[in-house]
Amino acid sequence: MQVLYEDNHCIAVVKPAGLLTQGDDSGAPNLLDEVKVFIKERDQKPGNVFIGLLHRLDRPVGGVVLFAKTSKGASRLSEQFRARTIQKVYWALVEGAPAQTSGEVVQWLLKDKESNIVTGFDHEVSGSQKAELNYQVISTSPTLIEIKPKTGRPHQIRVAMKTLSCPIVGDVKYGARLETPGQIALFARSLTFKQVVTGEPITVTAEPDWVTAHIDSRA
């Protein structure tokens with residue numbers, strides 16, 4: 001368990017790509033249960049351990065995930081997510097490059113629940129949700145992009161990169177040429193939130209292994 005930050009009310013850890021954030025009908029291992037076991041064993045807690053789910057990452061995506069450890073933490077942090085005051089930063093390695101090195105993507109997303117595929121439109125359609133993000137190319141050959149979403153819609157970064165004609169490496173669902181089984185090159189790089197009691201800004205940051213390999217290859 002790679003713990004990035006912890007206090008009495010919350011814990012931020014790294015989710016490996018390929019691991020579910022929360023359990024589903026498949027019964028596959030998931031990060032929520034692993035954090036509960038970690039805290040129970042580390043702190044030798046009797047009975048059940050409270051861990052509150054605040055947000056999710058797609059299964060093939062790795063990176064920073066924040067959990068609540070108390071009901072107060074769950075309430076106050078959930079409100080920050082709802083109010084969109086929590087700042088999220090993602091990194092993505094992509095195939096090709098966007099036409100512009102920086103910009104904004106605004107789309108209306110419609111999810112097909114049967115196929116679990118999201119389609120992006122440049123106008124509102126029935127049942128769609130508006131999604132917004134900013135992006136900045138931070139290195140090339142291959143292209144590494146920093147993404148700052150303004151909204152938290154399912155697959156919104158993956159769809160946006162496809163729309164920019166630079167699908168995320170490994171993301172064949174959204175146009176990548178080659179599959180990287182179990183993961184895609186999208187990583188929740190950092191999360192900034194207000195501490196539950198003091199209101200102090202807290203930023204937690206992690207770095208994916210594939211970025212280290214990318215930097216080494218350019219050295």
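This report looks at the salt bridges of a predicted model and at the surroundings of one residue, K194.

## Salt bridges in the whole structure

When the whole structure is searched, 9 salt bridges are found. The sections below take up some of these pairs, beginning with R158 and its two partners, D58 and D171.

## R158 and its partners

R158 pairs with D58 in a salt bridge, and the closest N and O atoms of this pair lie 3.0 Å apart. Because R158 belongs to helix α3, which covers residues 156-163, while D58 sits in the loop between β3 (52-53) and β4 (62-68), the salt bridge ties together parts of the chain that are 100 residues apart in sequence. R158 is buried, with a relative accessible area of 6%, whereas D58 is partly exposed, with a value of 24%.

R158 also meets the side chain of D171 in a salt bridge, with an N to O distance of 2.8 Å. Here D171 is found in the loop between α3 and β10 and R158 in helix α3, so this pair ties together parts that are 13 residues apart in sequence. D171 is buried, its relative accessible area being 2%.

## A network of shared partners

Which residues are joined into one network by salt bridges that share partners? They are E6, R42, D43 and K69.

Within this group, R42 forms a salt bridge with D43, and 2.8 Å separates their closest N and O atoms. Are R42 and D43 buried or partly exposed? R42 is partly exposed, with a relative accessible area of 38%, and D43 is likewise partly exposed, with a relative accessible area of 36%. Both values fall in the range between the cut-offs of 20% and 50%, which is why the two residues are described as partly exposed.

## The surroundings of K194

K194 has its place in strand β10, a strand made up of residues 186-194. If its neighbours within four places in sequence are left aside, K194 is in contact with L77, Q80, G199 and E200.

A distance across the model gives a further point of reference for this residue: K194 and L109 are 85 residues apart along the chain, and their C-alpha atoms are separated by 29 Å.

Methods
Residues numbered from 1 in each chain as written. Predicted model: local features only at pLDDT ≥ 70, side-chain atom pairs only at ≥ 80, totals over all residues. Heavy atoms only, no water. Helix = DSSP H or I, 4+ residues; strand = E, 2+ residues; numbered from the N terminus. Contact = heavy atoms within 4.5 Å. Salt bridge = Lys/Arg side-chain N within 4 Å of Asp/Glu carboxyl O. Buried < 20%, exposed > 50% of the residue type's maximum accessible area, 1.4 Å probe, protein only.
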